[in-house]
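Q: Please take a close look at the site where the ligand sits, and describe what surrounds it.

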Amino acid sequence: MAEKVAFLGLGTMGSGMAANLLRAGFSLAVYNRTAAKAKPLIDAGARLASTPADAARGASIVISMLADDTASREVWLGKDGALATADKGAVLIESSTVSPAWIAELAVLVAQHGAQFLDAPVTGSRVHAESAQLSILVGGSEATLNAVKPVLQAMSKEILHLGPVGSGAKLKLINNFLCGVQVASLAEGLAWIERSGLDREKALAFLKTGAPGSPVFGMVSARMVSQIYSVNFMLKLMAKDLLYAQNEAARCDLDLTTAQTARKLFEDAVTKGFGGEDMASVIQPLRNK
Ligand code: NAP
């Protein structure tokens, strides 16, 4: 396959996504701040880049999957950042969940550089990243999307083209706002069940198949019950997403009061040491009260 891809950020999601690009036969250079995390990919045939600039050099497509706005800014624009060495005409893709304001700023810089840009955040979690079952929410021109479709297809089950640059980032924040509020209310609901004297399994089985049931309810309630908090979705990232959602909605003159309340629960859990655990652990401070 001719396409040379650079992948920046090998965390929970990026590792699985990059592995699927290798599996699909793309020539791959990878960069991660903590280089040790790249080992399985290097063993599988990827080139280890020492900096984002090194990864981007000579690539026709550069994808980043990083924690937040700060990490994305650092990797694209910081010392040895990827933008400086990206080929004119390359397609640069931001897949991290970041703010639409940052996407707009980055898109202008990419255009000034002479490259193409898409925002392409994803839904699905670690298992979906590993099994190429992500949904990808794309903002940008259709022609640019068509040029990189085989690469996005190698990581996903569906690709939604939503409109101009920034559209993917906006829908992603709405998606995570709705998930985050639900997980926060589930934590309170389950803590309440546990204190109420009800049979927890019976109560949950009823709620799961009733009106409040949803994929998030099923998945996260099971983890809250088992208290296994190995990371599918890191708790502190949900606090970040709710903050970005509030800021973005404010630009549309909307005050997300439910996001504010949910964020308080997540930030409380961060303070109590659960930031690096799975988001299901947001229930623990409520249990430990
Ligand atoms: P993660 O496991 O925490 O990985 C974060 C990545 O960002 C790592 O590669 C980390 O490098 C890098 N990073 C953080 N700060 C940095 C900095 N200042 N400079 C350079 N690199 C930095 O997160 P993840 O779960 O893979 O999520 C990645 C993105 O996808 C996030 O925006 C998240 O909100 C979003 N997302 C996550 C999920 C999910 O279920 N996990 C689902 C959809 C979308 P190190 O390895 O050196 O720390």
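A: The description below goes from the conventions to the shell around the ligand and then to single contacts. This is a predicted model, in which local features need pLDDT of at least 70 and side-chain atom pairs count only at pLDDT 80 or more, while totals for chains, interfaces and linings use all residues. Residues are numbered from 1 along each chain as its sequence is written, and side-chain values use heavy atoms, with hydrogens and water left out.

The ligand is surrounded by 27 residues (each with a heavy atom within 4 Å of it), and the closest are Thr 12, Asn 32, Thr 34, Lys 37 and Ser 125. This shell divides into eleven nonpolar, ten polar and six charged residues, where Ala, Val, Leu, Ile, Met, Phe, Trp, Tyr, Cys and Pro count as nonpolar, Asp, Glu, Lys and Arg as charged, and the others, Gly among them, as polar. At least three shell residues come from each of domain 1 (4-165) and domain 2 (170-287), with bounds taken from an automatic or database domain assignment.

Among the pairs of N or O atoms within 3.5 Å, a polar side-chain atom of Thr 34 lies 2.5 Å from a ligand oxygen atom, a backbone N or O atom of Thr 12 lies 2.8 Å from an oxygen atom of the ligand, and a backbone N or O atom of Asn 232 lies 2.9 Å from a ligand nitrogen atom. Of the 910 Å² of accessible area that the ligand has on its own, the protein covers 90% (Shrake-Rupley method, 1.4 Å probe).

Terms used: A polar contact is a pair of N or O atoms within 3.5 Å; within protein, one must be able to donate a hydrogen and the other to accept it, and residues adjacent in sequence count only if both atoms are side-chain atoms.
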